[in-house]
Amino acid sequence: MILRQVTLENWGIFRDHFEVEFTEGINILSGLNETGKTTVVDAIRTCFFDKHTTNALKIHNLVPWGSSLSPTVTIIFEAGDDEYRIEKRFLYSPISRLEKKVNSNWKRIAEGDKADIQVAELTGGELSSRGASKPENWGLGQVLWTKQGDTLPGKLNEETFDKLQSIVGSAITSAEEKNLFERLSRELDEVLTKKTRKPKANSPLDEVLNRIQDLEAKKTELDGKWRGEEQLERTIADLQIELDRQKGELQVAEKELNDAKIEAGEARKHEKERVEIKGQVDLLHQKWNSLHAKIERINSLQKAIENSEKEIKANKSLLEVLQKERDEINNELESGKRELEGIEKNIESDGKSLKYVRIAHDTIEKERRELVGLEEISSKAEKFTGEMKNLQSKLENLLAPTKGEFNELKNIHSKLNEKEAQLSAIGLGVLIRAENEISVTLYLDGQKAAMKIPPGEEKKWEAAQHVRMKIESVGELEISSGSRDVKELRTEVEELRQQYGKRTAIYNTAEIGKLEELANKRSNLEDEIRRVNGRISELAPEGIEKLKGQVAELRESIRTNWQKIPDDSPYKRFGSEKDKDLARIETVKIMDALEEGIGDWQNQRVEKRQKQAEIERQLSEKNVQIRGTENTIEYLKGEQERSKKDLEELQQDGLSMEERKTGLKSLAVELERKRMLLDHYDEEKMEKEERPLQRLERAEKRLKEVEKDVRETESTLSGEKGRLDQLLQEGIYTERNKVEEQLESLLRKKNDLEIEVKAIELLYDLFNFYQDQTLESVAEPVRNMVLEDFKRVVGPRYSGIELDESMMPSAVELTNWDKKAEVALLSYGTREQLGLLVRLALGQILAKDERQIIILDDPLTNTDDIRLKHCLQIVEEAAKKLQVILLTCHPARYASIESRNVVSMGAY
């Protein structure tokens, strides 16, 4: 999967439209803290794996402060061979739209929940069932998108684990085995707790154990009942005596309550009068406070207006001084910018020269190492190809049977000879001796043969079944054989002759010896063709045309490289240099000199930038002071205007200050008189209000307690009488035997359930053991790759690395130390380097079939410059298989990466 574009709107700090483009290689998101780097990455995870209808707290926190806007994210990405665009809006009028690019146009393929599900499947993860998504929902992103230094929650998710198994060729758990393991997990979870492996509440075993406990308690209870009838009768007699005593107390409590109610009525009347007086005091006090506060406020506002005028004048003088100082800093900053621009131009000029001399050097290397060897191989391959065509032409023009065809012909020929010999032995023979010249016409088995026999000579003929002779001037003679064997044999001979003749007609000969020579000649040609074809395959495994294409492509690449160098460049001359070794040495010297010069300019740039940063800091501080002073002046003016306005409002009553003070004294006299009356009522409060009410409360409480005691005693007495009646009516001995039988049955069931639980527990532990073994085989290639890269970064001091169940480094082995060292004992820098290498190794292995995304959040903040260089080389190599998204507050540390896409999130 590849990210192409992320667009945010109303998303956290990105209230306005924000868009970022990504390339397939290394993408660096650089900016100060709180400029939105992590926000972009969180938005990607949220868009892919959170439902658009989620109401999670993290989504509410994205809403720009003080608004009710809907956070919206749009992502364009590639999955497989297709390009997609997903848009999600959260909280207010939520939407989810998934589109696919078809013939350069976007076509909608899903909306709403279906779009959520489909985009999660396309990105290899799954939707969170509730709330915000977690790393286990992110598919391969669980290990590739985790923040640097974070640990994974438990084991790898199923998507990542299965992918690793598939890539490294480890034993993959089948669907049936997974279903069985899930079933065992569910069954074990139903009967036992996870940590202690004790019977789980409400499980069958727990219910049986609780039932056994209940029955044992019941049995104990019945045993007690069996012996408790006499004790129960004594208890009933004691309860009856206690009930009579409590009823006497109830009558006394009812009389006390009636007396207390009369006293409480008088107390409430006194309380009402006291509250009315207190209200009058509070109203007078409120009026006095209001008038007093108004007088104080008028005096305060008059003083505040005078003080504001003085402070405004002082701040205006300070503002003039600060503005002069700011102008001086601005002049110094502009001068530094001009110097920095000159340095940048020098770096750019030397960089272009270095670029062109590198092209010349790389092209010379191609000519020296690749082109010469490839042309020699191509020449040899063409020679063998010509020889192959000649041999194939001979083979095509040769009319000869294959070895198999010759063996078939040889078999037919042999059978024909055998059958002809048999026919000759049992057929008809004709012998004619001529005393005078005879003209004879013969029909042998229907075939005509006419000839003349000179005097004194004889002729012989053979036929299978029938001979007819016509002798001129003599007559005609016909001889026939009726043998069925001869007839069948003759038929077989004719069939074999026809078959042999038909099979040999294309070879221009029917002689078996010549046919054998032709077959041998064909076999020799085929062997020679195979030999020549083998040499061609060795020289050109993908074919001669592919090899020629590679030569032409390499020549074109070399020509194109030379064209990249401008004609006015002094390095153009290396293209016509005949001595390529001398040219290579010269280009190396030029590159070294240019790199050293660029390094010097870059050091000057760093120093100048640091100085500029300090000046900008001073300028920023001065601007802050100026803004603060301006704000202070504006604030003081505003306060002054408000004070004047408040003063006018307060003086609208039309009274003089003396009139207000006189009214205040009058209110104070009336307030004091009412307070004295209230004090008198307060002194009587305890005796006339609180104590009568307390006595009423105690009497009510006492009556309730006695009534409660009577009810409880009556209830207990009734229950005990009922128990006694029940004991007398029940057959306790019979019930006790029934309980013992039930208890014995449950004990047998308990034993069966415990055996079943032990079996499930054993199978579950066995599955876990084999899964751990599989995890070990999956981790092996990751360890090997990490160890190789780790040695490149830190040297040969480490000989081994251990990974935990979430594929995170847990320990290392030192070359000259027998013991293992925990990762926590390593330095911060070494730990972050090791963590980076593990994630890069996992990413490259997981990207075997398709390029994957890896997110690195400032992974090398504690790494020194030497190790940083090695680490960045490894990152660049990994970027050939991975799309790298690197978040950093220190972009200068990654300036050595040539092919990078830098996205600035804020100014430096």
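How many bridges join β4 to strand β5? Let's start there today. Eight bridges join the two, and the strands run antiparallel. Before I go on, a quick reminder that what you see on the screen is a predicted model.

Okay, so stay with β4 for a moment. On its pairing with β5, you can find Val 73 standing opposite Lys 88. The two strands make a hairpin with two residues between them, and in that hairpin Gly 80 takes a positive phi near 70°. β4 also pairs with β1, again in the antiparallel sense, over seven bridges. There, Val 6 stands opposite Ile 75 of β4. And how enclosed is β4, which covers residues 72-79? Seven of its eight residues are buried, so the strand is largely enclosed by the rest of the structure.

Let me zoom out and give you the whole chain. We have 17 helices and 19 strands, in a chain of 908 residues, of which 37% are buried. If you take the contacts with a separation of 6 or more, 70% of them are between residues 24 or more positions apart. For the surface people, the chain exposes about 54,700 Å², and carbon and sulfur atoms supply 48% of that.

Now over to another sheet. This one is open, has four strands in the order β17-β18-β3-β19, and the pairing is parallel. At the edges you have β17 (852-857) and β19 (900-904), each with a single partner strand, so one side of each is left without a neighbour in the sheet. The twist averages 15° from one strand to the next. Look at the sequence numbers in the pairing of β3 with β18: β3 is residues 26-30, while β18 is residues 882-888, and five bridges join the two in parallel. If you want a landmark, Leu 29 is opposite Leu 887 of β18.

What lies across this sheet? Helix α1 lies across β3, β17 and β18, running at about 140° to β18. Then there's α16, residues 828-846, which lies across β17 and β18 and runs at about 170° to β17.

I'd like to spend a minute on α1. It takes in residues 37-49, so to speak 13 residues, and reaches 19 Å from its first C-alpha to its last, close to the 18 Å expected at 1.5 Å a residue. Ten of those 13 residues are buried, so α1 is largely enclosed by the rest of the structure. Among the buried ones are the hydrophobic names you'd guess, such as Val 40, Val 41, Ile 44 and Phe 48, but Lys 37 and Arg 45 are on the list too.

Next, a three-stranded sheet, for contrast. It's open as well, with the order β14-β15-β16, and here the pairing is antiparallel. β14 (798-803) and β16 (820-822) are the edge strands, each pairing on one side only. Neighbouring strands are turned by 30° against each other on average, direction ignored. Between β14 and β15, which is residues 809-814, there are five bridges, and Leu 803 has Pro 809 as its bridge partner in β15.

Last topic, charges. How many salt bridges does the count come to? It comes to 50. I picked three of them.

One is Glu 24 with Arg 4, at 2.9 Å, N to O. This pair links distant parts of the chain: Glu 24 is in the loop between β2 and β3, Arg 4 is in strand β1, and they are 20 residues apart. Glu 24 is at 34% relative accessibility, so it counts as partly exposed.

The second is inside a helix. Glu 249 and Arg 245 meet at 2.4 Å, N to O. Both lie in α8, residues 229-397, four residues apart, about one turn of the helix. Why does that spacing suit a pair? An α-helix has 3.6 residues a turn, so residues three or four places apart point the same way. Both partners count as partly exposed, with Glu 249 at 26% and Arg 245 at 41%.

The third is Glu 690 with Lys 685, at 3.8 Å, N to O. Again we have partly exposed residues, Glu 690 with 27% and Lys 685 with 28%. And back to that earlier pair: salt bridges that share partners join Arg 4, Glu 24, Glu 78 and Arg 851 into one network.

That's my tour, thanks.

How values were computed
Residues numbered from 1 in each chain as written. Predicted model: local features only at pLDDT ≥ 70, side-chain atom pairs only at ≥ 80, totals over all residues. Heavy atoms only, no water. Pairing = 2+ DSSP bridges. Axes fitted to C-alpha atoms, helices over the stretch in contact; angles between N-to-C directions. Salt bridge = Lys/Arg side-chain N within 4 Å of Asp/Glu carboxyl O. Buried < 20%, exposed > 50% of the residue type's maximum accessible area, 1.4 Å probe, protein only. Contact = heavy atoms within 4.5 Å. Areas by Shrake-Rupley, 256 points an atom, 1.4 Å probe, with all protein chains shown as cover. Expected span 1.5 Å × (residues − 1).
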